[in-house]
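Q: I'm new to reading protein structures, and I'd like a close look at one part of this one. Could you walk me through how a few helices sit together, and then show me some other spots worth finding?

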Amino acid sequence: MSVGQNIPHDSSRGHVTGGSVFIDDRPLMTGEVQVLPIGVPAAAGTLKSIDFSEALKAPGVLAAFTAQDLYHNSWGTIVPEQPILVADKIGYYDEPAVLLVGTDMESLLRAKKFVRFEVEKGPAIFTIDEAIAKQSFIYKANAFKVGDADAALAKAPHRLKGAFECGGQEHFYLESNACIAYPLEDGQMEIHASSQHPTETQHVVAEALGLSLHEVVCVVKRMGGGFGGKESQAAPFAAMAALVAQKMKRPARLCLSKDDDMMMTGKRHPFKNYYEVGFDGDGKILALKAHLYADGGAYADLSSSILDRAMFHVDGAYYLSDAFIEGSVVRTNLYSNTAFRGFGGPQGTMTIESIIEDIALYLKKDSLHIRELNCYQKDVRNVTHYGQNLGHNPLPDLFTELKKSSDYVTRRQEIDAFNARSKTHVKGLSMTATKFGIAFTARFLNQGNASVNVHKDGTVQVSTGATEMGQGVNTKIQQVVAHAFGIPAQAVKVMATSTEKNHNTSPTAASSGSDINCAAAMKAALGIQKRLAWLFQNILAGTPMNDIAECPTLNEAQLRFDEFHFEDKMLTHLPSGKSLSWEDIVKQAYFNRMSLGEYAHFKTEGLGFDKKTSQGTPFKYFTNGVAVSEVQVDLLTGEYKILRSDILMDLGRRINPGIDRGQVTGAFVQGMGWVTSEKLFHNKDGKLLSHSPTTYKIPNVQDTPRVFNVDFIENHENRENVHRSKAVGEPPFLLGISVWTALKDAANAKSKGLISTLKSPATPEDMLLELARHE
């Protein structure tokens, strides 16, 4: 059976051999032009004029286009306020303002220096604190309330208050934003894009060019990484390429360099979260008040939904009896921040994990004791601060099992002894958790559709709205459909995503790509299964059926579907034990003029959240996990090493164990990078300085834990999803937080009781400064 097996990623051979085709691998067409977006050299103010007359004289340069050439110049997933090209008001430094078009990129890069901008600079805002002071807000959320936080705080024996800060993060996908626009007959446009959201790309392109949606097709074969960065922000670059293609009636290719991509596109949202927490002498949290501030950058993008998810996840894995959580998105003059793996969940969860480390230091207790004490349980303490019951909750078991398997208690004693005697190094140890809600918080996005076509030779093609960015969603869809028909996975091909085949689809995001699209594909396959079973039922009954006789309409009331089984390329009637091969039943269906294709639409049921009361069920279920990390810090330099990390995840019944393991390890390392080395630097004018691999530090193999253990519990209780599986894309990212809390634990070992001010990311420089506070 295909489900539950380590089927290789459908692109694995192509990736290794170089056969996989990405956007810039597509062959040049006759007359094709290159497009270079050029950003404005100011963070705020007014763009008065652009002079590209000298650039047009340069060899190889053919044309230039500005906002005035667009039919419609605003876009935005939630609020359509962001210009595709700057027309007048400037939002951030290097915001695209003009498109230079030429025969080759080398000519465009040489001509770029001849483009002149006349700018009237205005006052700029670069930090959350500045934005708060100037009341510069994009969005203010309704507060989440449970119990009476003020009263509980007043009665609490102990209280702490402070601010937790975490920085942004560059997506650093290997394939930068890239697209090619092909003008077709009758003014139609075909876009090949590196996009997580083909439907939005289709819509933004159509609006920008003044076309109807049925005149634009967006095709996505694969992406060289996405991580959320291509959920919304791939669309305006596609519109830029399409504008050139429409005006010049020539194919137009826009493939950003890594530098331009980093300077022009948004990052993970930095957060600054103010809090006050009350707790008893044992460490039980009695009340939490918090105000989360997210830096949205210049435009709204997806910031409101990201803040909402941060507020949903500020509890982490811990029960809050009395809480008041509010949040705001501030507007600054930086690139418009956007979706990133975890989508606000990490910024919320990290806040409570940091608070727990502070409580542990204050009470002189081990932080794991505080976590176990406050962890959601299977009794009345199983309801979130927004009123959702967790249902089957494995969190206590996960903590208990990892505590044992990682030998936490012994290692804690050894680390305490090491720290007491070492004059040059200090170690830290910390265990954190993830309780990640699975569903789009915008309920209407929880839908998808699929088309399954069985061919006469028994092979199958599947089309869905999912986009493959390396995460293996196509392979899981392939396995689910192969499993349904009882055929080898190699007999199923998942086709390139196209808006002409799958309409009005949601982005591949929110860890729901596999859930929604596997469910839609399985539903479509079921329709074909039933017709084939009905056909075999009639064959067994001796009903006259051939290529001449009319095939009656399937009567499901007369179909005893549960008596039929698809496995090992055979369709078997269980009561009689009689079988027919997959190829034979397919041929019989064809000759009897039965449909071997099926379309299905799927929507996630059971969701409902009232934003007015901030209560309800925003998530279908939760993916849970715990991780414990051990670090060693050099007291003289602040340099640190991650000595060991152990992860224990609950992914239900895994559709593809190998792919899921890769997602867990990759997400953990990416999360680890966010909280350690990945720091964004800007100059005084707001220009991003860390815009290349030489100035922005993502983790390399030497940064990963020296000992790295990943394991999974067996859990068959998730009846809410395909084959009782659980989503895996984002939840493990939050486990990288354990590295930061371990660093904080190390700093606390030298703190003499002084509460830490460590921010994220905790670079070696930041660690050295934190340690210096305690000398």
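A: Here's a walk through helix α15 and its partners, followed by some other places to look up. Keep in mind that this is a predicted model.

Start with α15, which covers residues 513–540. One of its partners is α14, made of residues 473–485. The axes of these two helices come within 9 Å and cross at roughly 25°. An angle under 35 degrees counts as roughly parallel, so α14 is roughly parallel to α15. The crossing of α14 and α15 is right-handed. Now zoom in on who meets whom. From α14, the residues taking part include Val473, Ile477, Val480 and Phe485; from α15, they include Gly513, Cys518, Ala521, Met522 and Ile528. Sort the residues of this contact by class and you get 11 nonpolar, four polar and one charged.

Next, slide along to α16, residues 582–591. Helices α15 and α16 pack with their axes 10 Å apart, at an angle of about 90°. Since 65 to 115 degrees counts as roughly perpendicular, that makes α15 roughly perpendicular to α16. On the α15 side you'll find Leu532, Leu535, Phe536 and Ile539, and they meet Trp582, Ile585, Gln588 and Ala589 of α16. This contact has seven nonpolar residues, one polar and no charged ones.

While you're on α16, pick out Val586, which lies in this helix. Is Val586 buried or exposed? Its relative accessibility is 1%, so Val586 counts as buried. Leaving out residues up to four places away in sequence, Val586 touches Val454, His455, Lys456, Gly458 and Leu596. For a sense of distance, try Ile737: it is 151 residues from Val586 along the chain, and their C-alpha atoms are separated by 51 Å.

Now for the nonpolar cores. The largest one has 93 residues, and those with the most contacts inside it are Leu292, Leu307, Ile325 and Ile359. Another core lies apart from it, with 47 residues, among them Ala524, Leu559, Leu571 and Ala600. Going back to Leu307, this residue is in contact with Tyr139, Ala141, Phe271, Leu292, Ala294, Gly327, Ser328 and Val329, leaving aside neighbours within four places in sequence. Leu307 is also one of the buried residues of α9. That helix runs over residues 303–312 and is mostly covered, with 10 of its 10 residues buried. Its buried residues include Asp308 and Arg309 too.

Loops can hold buried residues as well, and Lys230 is a good one to find. Lys230 lies in the loop between β14 and α7. At 0% relative accessibility, Lys230 counts as buried. Its contacts, apart from neighbours within four places in sequence, include Tyr173, Glu175, Ser194, His197 and Met223.

Finally, a few backbone oddities. Most residues other than glycine have a negative phi, and most peptide bonds are trans. Asp186 has a positive phi, near 60°, and its place is in the loop between β12 and β13. With 64% relative accessibility, Asp186 counts as exposed. Lys364 also has a positive phi, of about 55°, and is found in the loop between α10 and α11. Its relative accessibility is 74%, so Lys364 counts as exposed. As for peptide bonds, a cis one joins Ser760 and Pro761, with omega about 5°. You'll find Pro761 in the loop between α18 and α19.

How values were computed
Residues are numbered from 1 along each chain as its sequence is written. This is a predicted model: local features need pLDDT of at least 70, side-chain atom pairs count only at pLDDT 80 or more; totals for chains, interfaces and linings use all residues. Side-chain values use heavy atoms; hydrogens and water are left out. Helices (H or I, at least four residues) and strands (E, at least two) are DSSP runs, numbered from the N terminus. Buried means under 20% relative accessible area, exposed over 50%, partly exposed in between (1.4 Å probe, protein chains only). Contact means heavy atoms within 4.5 Å. Axes are lines fitted to C-alpha atoms, for helices over the stretch in contact, and angles run from 0 to 180 degrees between N-to-C directions. Angles under 35 degrees count as roughly parallel, over 145 as roughly antiparallel, 65 to 115 as roughly perpendicular and the rest as oblique. Ala, Val, Leu, Ile, Met, Phe, Trp, Tyr, Cys and Pro count as nonpolar, Asp, Glu, Lys and Arg as charged, and the others, Gly among them, as polar. A nonpolar core is a set of buried Ala, Val, Leu, Ile, Met, Phe, Trp, Tyr and Cys residues joined through side-chain atoms within 4.5 Å. A crossing is left-handed if the near helix is turned anticlockwise from the far one by less than a right angle, and right-handed if clockwise.
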